[in-house]
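Colleague: I should like to understand how the descriptive terms for a structure are justified. May we go through them one by one?

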Amino acid sequence: MAKALEVYTKGTEAWFPDDKEGWVMGKLTAKTLAGDSVKLAFHIDSSGQDITVESTIPKLEANKAADLPPLQNPPALDGTDDLAYLSYLHEPAVLHNIKLRYLQQSIYTYSGIVLIAMNPFAKVPLYGPDIMREYSGKRREELEPHLFAVAEEAYRSMIQDKKNQSIIVSGESGAGKTQSARYIMRYFATVESGGSSSGGDSEVERSVLATNPIMEAFGNSKTTRNDNSSRFGKYMEILFSTPTAANPSVRITGAKIRTYLLERSRLIFQPATERNYHIFYQLCSGAPAAERKDLGLGSWESFFYLNQGQCGTIPGVDDAADFVETSKALSDVGISLQTQWAIFKICAALLHIGNIKIEAKRDESHIADDDAAMLQAATLLGVDAKEFKKWITKKQIITRSEKIVSNVNQYQAIVGRDSVAKFIYSMLFDWLVKVININLSKEGVEAGQRFIGVLDIYGFEHFQKNSFEQFCINYANEKLQQEFNAHVFKLEQEEYVAEKINWSFIDFNDNQPCIDLIEGKLGILDLLDEESRLPSGADGSLITKLYQRFAVPTQKFFEKPRFGQTAFTIKHYATDVTYDIDGFIEKNKDTVSDEQMAVLNSSEFDFLKEVIKIEEEVKPEVASPVRGGRGPGATAKKPTLGSIFKASLVKLMETIRQTEVHYIRCIKPNSAKAAFQFEPPMVLQQLRACGVLETIRISCAGYPSRTQFEDFADRYYLLVPSKDWDPNPNTLTLSIVRKVINDDDKFQMGLTKVFFRAGQMAFLEKLRTERQRACVIMIQKNVRAGVYRRRYLRMREAAIKIQTATRAWQARRKYRAMRETRAAIKIQQTVRAWLARKRFNRIRDAVVKVQATYRMARAKAEARALRRLRAAIVIQRVFRGYRARRVYKAAKQRMVLLQSCVRRRIAVKEMRVLKAEARSVGKLKETNYKLENKVVELSRTVAARNEENAKTLEKLAAAEEQARVWREKFDKADAGGKSAAARVEEGSAELKAELAAVKAEKEKADKEAEKVAVMLKRRDEKIEKLEEAIRAGKEEYAKLKAEKNAAPPPSAAAAAAAMARPGDDSDSAALRKEVTVLREQITRLLAGKYRADRVADQMLAAATSPGNDLHTAGPHGSNGHPYPLETRSSVTSQIEMDMAAAAAKARPRRHSFVEGQPSPVQERPPASNMPSTAGGAALPSPLTPRKSRANMMIDTALGVNGPSTSPMSAGAGVVLEAERSLRVLEDKALEDEIIDALVTNLRIPLPSTQTVATRKEIFFPAHLIGSTVVRLLNHDLAGRMLAVMTNVMKAIQNLTMKFEDDYVSAFWLSNCYELLCVVRTTQEKERASQRRRNISGEPGSGEAERALDKVRNDLDYLLIEIYHGWIKELKKRLANMIVPAVIENQSLPGYICKQSGGLWGKWGKSSSSGQFTIEQLLNFLSKLSKTMRCYYMEESMARQILTELLRVVGVSAFNHLLMRKNFCTWKRGVQIQYNVSRLEEWCTSHGIAEATLHLQQLLQAAKLLTLNKTSPQDIETIFDVCFLLNPTQIKKLLSLYYAADFDSPLSPELLKIVASRAVMNEKSDILLLDLEQAPDFAKPASKSVDVIERFVPAWMSLPNISAVVSGN
Ligand SMILES: Nc1ncnc2c1ncn2[C@@H]1O[C@H](COP(=O)(O)OP(=O)(O)O)[C@@H](O)[C@H]1O
Ligand SMILES: [Mg+2]
């Protein structure tokens, strides 16, 4: 006991009951222990009240500390999503927790196996298809508590355990049962259709869902508690198909509804502000005018049955619109419009019955004969009005001998009238249920079919005045509660047994005696039935019987109220309820009289009769087992309502017992239907009523807390010293609990878990916190010590440093002073020395000067004497020299004068002679010189001429001869001249004598010179003539040349021959090429195992020889070409004409085939008969007429090359080639080959790492197909083209829809696009040529254009289809990867969260999906990106695919994070941020930076986790940082935020701030991002393809296609 008290320390929080709030929290302020007495003082903050608890230890020991107030749980458990984890599990804790969660707008909470659902009374974003998808396939512990989690659990266990399931939804009226059941059904319909709720519903699902509006229209009404209150219980079994190996998917195949206890009295009476069943109001406001008139309908006010509540409309509900919906739902479940109107007719009749006026006449009742309402009702029901009226106002009593008819009083008549109406309505309701059941089980019930039953039944009711209905309802709840308790108990027990712990059974409040009291033999129900069957039965006598039987002390559950004699009390499990006996008998009997029944049975309205017949179907099945061996009797035959209900309840219990049960408890948080308002007393009362507290009591009696050893040891190891830390968690756990709890009753060791009594966990937690606190203080102490010591050491060090520095500075200063002194002394010393030296020098200098001056004066006097002596000597010498020289000069002058005179005379004489001589010789010399020049000139000219023309050399030689002669003559003259000169020179002495002779001679020489000049002139002329001749010669030569070029016949031939040689060469080369082609074909044919070997050989020989011939003929060609050009062309044209004729003949047949005949190969006449083989006709074919296609080709080949000598081979070849390809084109084999080799069985080139495939190697199928298209169009085969292309596209579609691997899809996506481009380009070309043709007036058919258009459109679709198909497949594969890789993957080693992350570590084990890492995800994307690049995928397409995938990654991860519970910790935020940044990096490095936009929300969510969340400013920051998230999302994330160790949990105040912000922007309350909302596929713009490649990969053998393609 001391231990129990120990927990109460100062500051401990505990709960105290409160009238308004249920429970309020108080804090312990003082605790006094004096001897045995205990005194605890608490202070309640909210009210300011002080409470003191006083007790004594023995007293506490006696009542197990019940006197002490219940304790508050540790703060970490605030708002936990499963009440079972509360350590102190009691009423206040449960209430507090639920309240906290509800105010955070978390409406769902688990309480062990039960889901508690609080009615939000507001639209909450929790039920969208995206949320359903999130819950689909997840385990319950993984995500936040939700309805869908329960539904999912049921669904999965149904599939896995192959067991039927039930979901029991209970709660007060207006708590949200029907709403929840509806969501559950929708969940099944959605999950079953594969998660896409959009349009995927099958007809069955639609009709299953359509039952809701129908049942609600006929069975729901407005009550004070709920605007749409179900006035009946409903158990709906949703039937699922059994998964088989062939069809593993599970789908809804039907449904079965059972209803319980329709509130019949509502039809005839409604309390104020309540309404009758919706259908009547819907009918009154929604029926079309014509029908309204037929049925006599008015507004709701005019009907007594509708206007008693004075409230005909519900705010926010449009009855007219609902009428349309009801009618549609009726059609959906298969009720025809005609039947619908029959139903409505009955409804209208009921309303009229209510308006029948019954008046009192004395003691009798009376109805006016012309009562309009009665007449109308009778008409509508098709009964006789008189009879009808009669049996309302009269009754018949059958005695043994006679029938007595008597009048009844007004009250009885009204009761009779109303019971008819009630009877008909309840039959109508049953009929509807029956019809719905028939229609919903159309598919036929398979053996062992599984179902999930959803029970939507009113919860425990306790009003001011409780009647028979409440009795039945509470009875049902009592039974359900028993079932529930047993279930919980069983589960608990199972766990104990499985863990093999010692447990002695806890007695829980079993309510079996209470049930026995009601339904047991001679129980209340039996007594009631007995009384009802008595004709004189009345409520008064019943209550007396009850008192007699049960008001005894042994009966603990029955109580007679102290006052009054009209009521009894039953002590239900929830509370005691007092029932008013008034009306029990009447309500239990609830029948119409036999006479009224007969009237109805005689109705002319068949539908009514059918409806009434239901009674017989429903009741006997119930009646027989209940009624047992009772004797027959008129009244005994009719089962009572009570017995029917009891029987159906027994059946329901049987069903439920055979299923696995899931419980949902709906709670109405306030009576005002206000959103998120919490009324604690009301909730508390419901918690009691729905058994949640009861369950808690049960589990508290045992060991409510349990933990796995590992988790326990992990969390509490610190409670024992480290030497006890055992690596085995089992022993460690034991040593912990032994040491800490030390009371064997308080815990139990199981096999894998340790079990604790209530409160122990909190105790442990408290110890742990204290221990941690102590540790923290210890660490703080040491850290602080360390810090201070470090600080001290630093200071000391600093002081020393400062001292050192100061001393150093001082020393330095002293040293400097010393140095300065020394320096000063030295300076003084030097200065003084200097001064002394200066003085000394000055004195010395003075002495020296004086000495010098004296010596100078003496030297000067001496020098003057010496100079005077020398001057005297010089004067003497000069005078003597002058005298001698004057004498010599005079003698010499006289001698020279004499000599000069003599020499002058001689010289004059000599000069005169020389002058004369010089004049004559100069002239001659001049002439001679001129002549010489001329000769030189001439000779030079001649030499030039000589060189110019070798051919005229002879003539020139003659001229030269002459010139030489002349030169000789000239030489002679020259010589003469020279001799004359010589003579002149010789005779210069006797110049005068010879002068005459010389003159004569000179004249002669002049003459001669003249002659020479003349001759020279003549020679010049001759030279000119010769030059003339040469020019003429040249001209002649040029002329000859020109003539040569003008090519007269003989020379032209020679020239042509010269030209022809290269031409021949090229011809032969072409032929050679053709030969090789042919050779190739032949070898291929051989390889193809066609039986044409011999022919092929022949042909080979034949084909080779002409080539060789021509080849060898080449060299001879220069001598003379054997085939003149003219002849050659004429032959060719001749053949061409033939061929054209043949082709023209062949054409029409071809067209007819295109139009209609499907298999042209078989229909075609044998090839040898065809005119197209004309060229080869000469060669008899060795083959049978039915030739294979290959042989035909050989034929054509022969046709080209057969007659080896034929010069026309090339020209004919072209035509034949065309013809051949035409035939190939028409051939079905071509199409087959395209589809087979190019599409279906194509070995797609895989992107290998070593070699990079070129565009050509990738796009060859597109190009080959494109090129075939072009060929087909060229041959005007548009129709054929279209057919081929359609088949090709179909083949591609088939291929790509299989999704074997990405390569196929990527390859074909690329190729289709390429093909589309090729087709477009072709179309453009076609258009251009069309335009040209139009201009030139040629008619052109639009057929090609249309066909191309069609092909293009189809290709467009195909492209989109491949894209969508592929991306869907990729998404599917990606789906498993996203969450583990992006959310769960932890790549940063410093921030690892333990996988469990749960508070005690027992929640949410590691995810079920595989362990993908972010690397794997990136690899996946990289591989995809590489594949696309390798296939040259069009840039924008590749980009779209990757972007879309990244969008899916971002959205899925974000949505998952938003739903994940106990996961969002700070560390997770860091990890996720890192993962996202990896993704972003990837995006940028792959050039799709825009895709990172899709990751932003996720990134911000992760950031939010890492941000501070302690103050309102932090919240502000969060909203700023996470601007992409809407307040709802932020709120959700914050409420999910889970504080790990040492992180402080979010305070509820902050959550309130966030919630208020979220409310402010209620518009944007979408919680999850839309996964489906993929952007449309933007088809890339087509590019034009300039060259259509005809590349065929080496490894492919495509005889037909290559034939066609190479023919272009
Ligand atoms: N999950 C819910 N979300 C929003 N509103 C709800 C939800 N559940 C119940 N309600 C509100 O409560 C009202 C009563 O619910 P209903 O299911 O008809 O109660 P019950 O069947 O228990 O009487 C509904 O009309 C609706 O307005
Ligand atoms: Mg309901």
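**Contacts, classes and burial**

Modeller: In this predicted model, an N or O atom in the side chain of Thr-178 is 2.5 Å from an oxygen atom of ligand 1. The protein covers 84% of the 550 Å² of accessible area that ligand 1 has on its own.

Colleague: What makes the pair formed by the side chain of Asn-119 and ligand 1 a polar contact?

Modeller: An N or O atom in the Asn-119 side chain is 2.7 Å from an oxygen atom of ligand 1. The cut-off for such a pair is within 3.5 Å, so the pair is a polar contact. A backbone N or O atom of Gly-176 lies 3.0 Å from a ligand 1 oxygen atom, and this pair therefore qualifies too.

Colleague: Which helix gives the most residues to the shell around ligand 1?

Modeller: Helix 6, residues 177–192, gives the most, with four residues. By class, the shell has six nonpolar, nine polar and two charged residues.

Colleague: How do you know that Cys-666 is in no disulfide?

Modeller: The structure holds zero disulfides. For Cys-666, the nearest cysteine sulfur belongs to Cys-690 and is 9.4 Å away. A disulfide requires two cysteine sulfur atoms within 2.5 Å, so Cys-666 is in none.

Colleague: Why is Cys-666 called buried?

Modeller: Cys-666 has a relative accessible area of 2%. Buried means under 20%, so the term applies to Cys-666.

Colleague: What makes Cys-1312 count as buried?

Modeller: Its relative accessibility is 1%. Because the limit is under 20%, Cys-1312 is buried.

Notes. Residues numbered from 1 in each chain as written. Chains lettered and ligands numbered in written order. Predicted model: local features only at pLDDT ≥ 70, side-chain atom pairs only at ≥ 80, totals over all residues. Heavy atoms only, no water. Polar contact = N/O pair within 3.5 Å; in protein donor to acceptor, adjacent residues only side chain to side chain. Areas by Shrake-Rupley, 256 points an atom, 1.4 Å probe, with all protein chains shown as cover. Helix = DSSP H or I, 4+ residues; strand = E, 2+ residues; numbered from the N terminus. Nonpolar A, V, L, I, M, F, W, Y, C, P; charged D, E, K, R; others polar. Buried < 20%, exposed > 50% of the residue type's maximum accessible area, 1.4 Å probe, protein only.
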